[in-house]
Amino acid sequence: MGTGATTDEERLRRVAEALADAASARAAGQRRRLPVVQPADVAGLVAMLHEQLEYVIDMRNSEATAAGAVIACGRGCNACCMLPVVVGEHEAVAIALWLTQPENAAVRERFLGGYQAWRGKLGDRIERVPTAVSSELERVAFEYFQQRAMCPFNTDEGTCSVYPVRPGVCRTTHALDTNEKCQGQSDTIHEIKHPAVESTIAGQQAMREILHETQRPGAGSDIMPKAVMRHLAKATAFPNQPCPCGSGLKFKRCCGA
Ligand code: SF4
Ligand SMILES: [Zn+2]
């Protein structure tokens, strides 16, 4: 299945090097213009980051199994898909690009069909989710969860319709032994921490930040479906047509503004 992402490793290596250079120059206090990174290259780099994550997640799962523990998540177990998924813009670009591939048209249509209802259920809670980890995030995330607004990508009998390109946070969030605590009885989020997964996430942070900055300079992270809609609308809408997010406004006054 096509993703639209660049798969040429040599090209991706060059883009990654240019980004790493720019990041180090900025960290050293130098003013440095960021390279322009095309969506296909963003998606290619995101795929590489996901591949690294999958590798350490598999390692963690094997260790957990060997120690007699059970990773309780499984196909169709989707309570965590009602939590706010906060992403950098690069992850949104990769998902939007995947959705514009002709073979993914049916998934795109289901997303566009469900988006407005999802937004309506959450109202301004979407804007109130803090984008940095904090106790306030836990509180707001719990309130958000209680609206039971399922991610508009969770459309295939409880499963993720964008599974191949789902964000890193959806890959790394797992319940240990039982998924009973995922049903929202508590406002404390329990996460499994595994050293290899944590150090991989930490090691990716600089690349994620600079990639985000190339796609949405000066802005913070965002709630994933909203960020994806922003890019999908750009890729599919004409300025004077109704915005595909279903707001009733012209695209240029809504997601294209
Ligand atoms: S992107 Fe997929 S895994 Fe992530 S919250 Fe949405 S449906 Fe769930
Ligand atoms: Zn819109």
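Ligand shell, helix H3 and internal spaces

In this predicted model, ligand 1 is surrounded by Cys-81, Val-85, Cys-151, Phe-153, Asn-154, Cys-160, Val-162, Pro-167, Cys-170 and Met-224. Sorted by class, this shell contains nine nonpolar residues and one polar residue, with no charged residue.

Some names from the ligand shell return in the lining of a cavity. A search of the whole structure for cavities of 30 Å³ or more finds one. The space inside this largest cavity is about 50 Å³. Its lining consists of Cys-81, Met-82, Leu-83, Val-85, Trp-118, Tyr-144, Ala-149, Met-150, Cys-151, Ile-223 and Pro-225. Cys-81, Val-85 and Cys-151 are among the residues lining the cavity, and they are also among those around ligand 1. By class, the cavity lining has eleven nonpolar residues, with no polar and no charged ones. As background to such searches, rolling a probe the size of a water molecule over the atoms shows where empty space is left.

The second largest pocket is described separately. Its volume is about 320 Å³. The lining is made up of 17 residues, and those nearest the centre are Ala-5, Ala-43, Gly-44, Ala-47 and Met-48. Helix H1 (9-27) and helix H2 each contribute at least two residues to this lining. The largest share, seven residues, is supplied by H2. By class, the lining of this pocket divides into nine nonpolar, five polar and three charged residues.

Helix H3 spans residues 89-99 and is mostly covered, with eleven of its eleven residues buried. The buried residues are Glu-89, His-90, Glu-91, Ala-92, Val-93, Ala-94, Ile-95, Ala-96, Leu-97, Trp-98 and Leu-99. In general, an α-helix has 3.6 residues a turn, so residues three or four places apart point the same way. What do the buried residues of H3 pack against? Their partners are helix H2 (39-66), strand S1 (86-87), helix H4 (105-122), helix H7 (168-172), helix H8 (195-215) and helix H9 (224-236).

Helix H8 also holds His-212. Is His-212 buried or exposed? His-212 counts as buried because its relative accessible area is 9%, and the cut-off for buried is under 20%. The contacts of His-212, leaving aside residues up to four places away in sequence, are Gly-88, Glu-89, His-90, Ala-219, Gly-220 and Ser-221. Two of these, Glu-89 and His-90, are among the buried residues of H3. With Ala-219 there is also a polar contact: the side chain of His-212 reaches the backbone oxygen of that residue at 2.7 Å.

Two further residues are more open to solvent probe than the buried cut-off of under 20% allows. Ala-66 belongs to helix H2. Ala-66 counts as exposed because its relative accessibility is 72%, where exposed means over 50%. Between the C-alpha atoms of Ala-66 and Met-229 the distance is 41 Å, and the two residues are 163 residues apart in sequence.

Val-70 lies in the loop that runs between H2 and S1. At a relative accessibility of 43%, Val-70 is therefore classed as partly exposed. Val-70 and Val-86 are separated by 16 residues in sequence, and their C-alpha atoms are 27 Å apart in space.

Note on methods. Residues are numbered from 1 along each chain as its sequence is written. Chains are lettered from A and ligands numbered from 1 in the order in which they are written. This is a predicted model: local features need pLDDT of at least 70, side-chain atom pairs count only at pLDDT 80 or more; totals for chains, interfaces and linings use all residues. Side-chain values use heavy atoms; hydrogens and water are left out. Buried means under 20% relative accessible area, exposed over 50%, partly exposed in between (1.4 Å probe, protein chains only). Helices (H or I, at least four residues) and strands (E, at least two) are DSSP runs, numbered from the N terminus. Contact means heavy atoms within 4.5 Å. A residue is near a molecule or strand if one of its heavy atoms lies within 4 Å of it. Ala, Val, Leu, Ile, Met, Phe, Trp, Tyr, Cys and Pro count as nonpolar, Asp, Glu, Lys and Arg as charged, and the others, Gly among them, as polar. On a 1 Å grid over the protein atoms alone, a cavity is a set of points where a 1.4 Å probe fits but cannot get out, and a pocket is an open set with protein on both sides within 12 Å along at least five of seven lines; lining residues have an atom within 4 Å of a point. Grid points are joined across faces, edges and corners, and a volume is the space filled by probe spheres set on the points. A polar contact is a pair of N or O atoms within 3.5 Å; within protein, one must be able to donate a hydrogen and the other to accept it, and residues adjacent in sequence count only if both atoms are side-chain atoms.
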